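Please load the coordinates in your viewer, choose a cartoon representation, and keep the selection panel at hand. The stops below are meant to be taken in order.

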Amino acid sequence: MKIFLDTANLESIRKYNDMGLLDGITTNPSLMSKEGRNPKDVMEEITKIIKGDVSLEVVNTDYAGMIEEGKRLRQYGENVVVKVPMTADGLKACKHLSSEGIPVNVTLIFSANQALLAAKSGAKYVSPFIGRLDDIGKDGMNLIRDIKIIFDNYKDDFKTQILVASIRHPIHVVDAAKVGAHVVTLPPTVLDKMLQHPLTDIGLDNFLSDWKKFKAGNPDI
Ligand code: G3P
């Protein structure tokens, strides 16, 4: 399973990229705004740091605007994936950009039918938002299960990857991996939690204090 970081924060991107954990990045207009910097500089930096796919989202909502903006975003790098919303115009833009060899991530997916249509339009990725479904009392992971079954049933027709988005905690990641989703995109806080375990910290403290005692009793060794 590939791991993407869901952020436009360069410090976090560098931190986890230096650990070799990142296969790509996803951004959206909210994440970009949060940084309070010129988005052009941020997008340029991210595409320099990350070799894998970087999803940059359009803010136009009409077909022509999305095509023009998508092509402009693609100029930041060959690894740019244009992110479009799950709308009629978004799917039309997805078909057009994909047919020109520009990969597309269709975002704001909340149903299996939407995922099916995005795959039909040629999307490289579909982004189902599981946390936001959980928020309204629906089981977001069930949507991932449904999409996985559908895409597996039509393996020869669809090469589209399931990019699980709106992940809120580490259990989402384990469950997405068990279902066989292709990609998870994680907020830095979730990736940080995945690194940690209290028994690791306790174990390390014990190893080091035993070593210290041993050295104190055997100064010549
Ligand atoms: O990148 C889109 C998605 O991951 C947003 O997550 O937490 O705002 O629902 P969230």
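Begin by selecting helix H1, residues 10-18, together with H3; in this predicted model the two helices pack at an angle of about 0°, with their axes 11 Å apart. An angle under 35 degrees counts as roughly parallel, and H1 and H3 are therefore roughly parallel to each other. To see the side chains that make this contact, show Leu10, Ile13, Arg14 and Asn17 on the H1 side, which meet Val42, Glu45, Ile46 and Ile49 on the H3 side. Coloured by residue class, the contact of H1 with H3 divides into five nonpolar residues, one polar and two charged.

Keep Ile46 selected, since this residue of helix H3 is the next stop. Is Ile46 buried or exposed? Its relative accessibility is 0%, and because buried means under 20%, Ile46 counts as buried. Setting aside residues up to four places away in sequence, the residues that Ile46 touches are Thr7, Ala8, Leu10, Ile13, Ile25, Thr27 and Val54. A distance label drawn from the C-alpha of Ile46 to that of Tyr76 should read 9.2 Å, although the two are 30 residues apart in sequence.

Move on to helix H4, residues 63-74, whose 12 residues reach 16 Å from the first C-alpha to the last, close to the 16 Å expected at 1.5 Å a residue. Which residues of H4 are buried? Select Gly65, Met66, Ile67, Glu69, Gly70, Leu73 and Arg74, which are the buried residues of this helix. Displaying their surroundings brings up helix H3 (39-49), strand S3 (53-57), strand S4 (80-85) and helix H5 (88-99), against which the buried residues of H4 pack.

Next, centre the view on Phe110, in the loop between strand S5 (104-109) and helix H6 (112-120). With a relative accessibility of 32%, Phe110 counts as partly exposed. Apart from residues up to four places away in sequence, Phe110 touches Phe129, Arg132, Leu133 and Leu143. For a sense of scale, draw a line from the C-alpha of Phe110 to that of Ile221: the two residues are 111 positions apart in sequence and 63 Å apart in space.

From Phe110, step across to Leu133 in helix H7, residues 130-135. The C-alpha atoms of these two residues lie 7.3 Å apart, with their positions 23 residues apart in sequence. Leu133 has 9% relative accessibility and so counts as buried. Once neighbours within four places in sequence are left aside, Leu133 is in contact with Phe110, Lys138, Gly140 and Leu143.

Two residues deserve a look at their backbone torsions. The first stop is Leu108 in strand S5, which has a positive phi of about 65° although it is not a glycine; at 33% relative accessibility, Leu108 counts as partly exposed. The other stop is Ser166, in the loop between strand S7 (161-164) and helix H9 (170-179), where phi is again positive, at about 60°, although Ser166 is not a glycine. Ser166 is buried, with a relative accessible area of 11%.

For the last single residue, select Asp152 in helix H8, residues 140-153. Asp152 is partly exposed, its relative accessible area being 32%. A line from Asp152 to Val81 joins C-alpha atoms that are separated by 23 Å and belong to residues 71 positions apart along the chain.

Finally, clear the selections and zoom out to the whole protein, where the secondary structure comes to 11 helices and eight strands. Along the principal axes, the C-alpha trace spans about 75 × 40 × 35 Å. If you colour by accessibility, buried residues make up 45% of the 221 residues. The accessible surface of the protein comes to about 11800 Å², and 54% of this area belongs to carbon and sulfur atoms. A contact map gives a complementary view: of the contacts with a separation of 6 or more, 57% are accounted for by residues 24 or more positions apart.

Technical notes:
Residues numbered from 1 in each chain as written. Predicted model: local features only at pLDDT ≥ 70, side-chain atom pairs only at ≥ 80, totals over all residues. Heavy atoms only, no water. Helix = DSSP H or I, 4+ residues; strand = E, 2+ residues; numbered from the N terminus. Expected span 1.5 Å × (residues − 1). Buried < 20%, exposed > 50% of the residue type's maximum accessible area, 1.4 Å probe, protein only. Contact = heavy atoms within 4.5 Å. Axes fitted to C-alpha atoms, helices over the stretch in contact; angles between N-to-C directions. Parallel < 35°, antiparallel > 145°, perpendicular 65-115°, else oblique. Nonpolar A, V, L, I, M, F, W, Y, C, P; charged D, E, K, R; others polar. Areas by Shrake-Rupley, 256 points an atom, 1.4 Å probe, with all protein chains shown as cover.
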